[in-house]
Amino acid sequence: MCIVYSTLITRCAPEQRFCACLWKHFHMKVERLFLSCFGWRELKMERNLTMTDSKSHDLRAQENRVMAVDEWLDRWKEGKTGFHQDQVHKLLKKHLDTVLDGRKEIRWFFPLCGKAVDMKWLADMGHTIVGVDVSEIAIKEFFTDQNLPYTEEPVPAIAGAKAFKSSDGKISLYKCNLYDFCSSIAGKFDGIWDRGSLVAINPSDRQRYATLIVSLMTKDCRYLLDTLLYNPSLYKGPPFYVPDDAVANLFGQMCNIQMLESVDALTERQKAWGIDYFTEKVHLLTLTS
């Protein structure tokens, strides 16, 4: 509205500008009153979220950032796992029905699963869970935390790998490098929950990662992908900055991509990284054919 009136004022004859300025001032007052009465705070948050979503940053700020496997293992050894959540992720809860699409007892895949409580939550609904993580500590802590008895066995197809399986057969977690895992080990999956995986892998490995994930999808698989937006020049990651165009470049030729929700996820933890905004987005991906 202000832009429109500024244009009108500029184009008015000098003797008309005074009236135009009065009208501009009047309508600005009305707009402020309207917003205060009908959800100024909510509208402001929506506007800010839209602005941050539209920011475009240079991916080169993080392209050479590499987290070695030993660094991840050390984080679990030292308990530096601030990325772990003790509660089921709210966006998984909110969009679960969209992923299930009326299906019951489907097979779920959790890449870089850690000890995500989401796995037990879904297993209790009757779903079958398969996860992969390089940390044996994370996997064992999952079964201990959830009070689940389990068995441990080698995986012949992958040198040094182990499979940890709950006694009821609902949850199978593989201790191995994610890129050594394939569909011949545990089949394909009807659902994937990717929270803290794509945003954790090294940026240089993303295409390799996307190829692997797609190879694990059944034709009816529904892949729920969680990504993060912030200014990568202010924080080196992980978690890494993954904008929508990166998702499209990685999966667009193989999958239909639907953005389900975008939320302001900035907390004191992220502020301590030195960033001024932190947006979490959840996408639904399905195979094109």
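Which residue lies over the face of Trp72? The close-up views below come from a predicted model, and the first of them takes up this question.

**View 1. Arginine side chains placed over aromatic rings.** Arg75 lies over the face of Trp72, at 5.2 Å from the centre of the ring. A second arrangement of this kind involves Arg208, which lies over the face of Tyr179 at 4.2 Å from the ring centre.

**View 2. A cluster of aromatic rings that includes Trp273 and Phe278**. The structure holds 14 aromatic pairs, and one of them is formed by Trp273 and Phe278, whose rings meet edge-to-face with 5.8 Å from centre to centre and 85° between their planes. Trp273 is buried, and Phe278 is buried as well. Through ring pairs, these two residues are linked with Tyr230, Tyr235 and Tyr241 into a cluster.

**View 3. An open sheet of 9 strands with mixed pairing**. Read across the sheet, the order of the strands is β3-β4-β5-β2-β1-β6-β7-β9-β8. At the edges stand β3 (150-154) and β8 (255-264), each of which pairs on one side only, and the twist from one strand to the next averages 20°. Helix α9 (residues 206-215) packs on this sheet, where it touches β1 (107-111), β6 (189-194), β7, β8 and β9, and its direction makes about 145° with that of β7.

**View 4. The antiparallel strands β7 and β9**. Strand β7 (residues 217-229) is joined to strand β9 (residues 279-287) by 8 bridges, and the two strands run antiparallel. Within this part of the sheet, Thr227 stands opposite Lys281 in β9.

**View 5. The two faces of helix α5**. In helix α5 (residues 90-100), the buried residues are Leu91, Leu92, His95, Leu96, Val99 and Leu100. Seen down the axis of α5, these buried residues fall within an arc of 165°, and therefore they line one face of the helix. They pack against β1, α6 (118-123), β6, β7, β8 and β9, whereas the face turned away from the buried side carries the exposed residues Lys90, Lys94 and Asp97. After α5 comes Asp101, whose phi is positive, near 50°.

**View 6. Lys77 in helix α4**. Lys77 has its place in helix α4 (residues 69-78), and this residue counts as exposed because its relative accessibility is 60%, where exposed means over 50%. Although Lys77 and Glu136 are 59 residues apart in sequence, the distance between them in space is 9.9 Å, taken from C-alpha to C-alpha.

How values were computed:
Residues are numbered from 1 along each chain as its sequence is written. This is a predicted model: local features need pLDDT of at least 70, side-chain atom pairs count only at pLDDT 80 or more; totals for chains, interfaces and linings use all residues. Side-chain values use heavy atoms; hydrogens and water are left out. Rings of Phe, Tyr and Trp (its six-membered ring) pair if their centres lie within 6.5 Å; planes under 30 degrees apart count as stacked, over 60 as edge-to-face and the rest as tilted. Buried means under 20% relative accessible area, exposed over 50%, partly exposed in between (1.4 Å probe, protein chains only). A charge sits over a ring if NZ of Lys or CZ of Arg is within 6 Å of the ring centre and within 35 degrees of the ring normal. Two strands pair if DSSP finds at least two bridges between them. Helices (H or I, at least four residues) and strands (E, at least two) are DSSP runs, numbered from the N terminus. Axes are lines fitted to C-alpha atoms, for helices over the stretch in contact, and angles run from 0 to 180 degrees between N-to-C directions. Contact means heavy atoms within 4.5 Å. The arc is that of the directions from the helix axis to the C-beta atoms.
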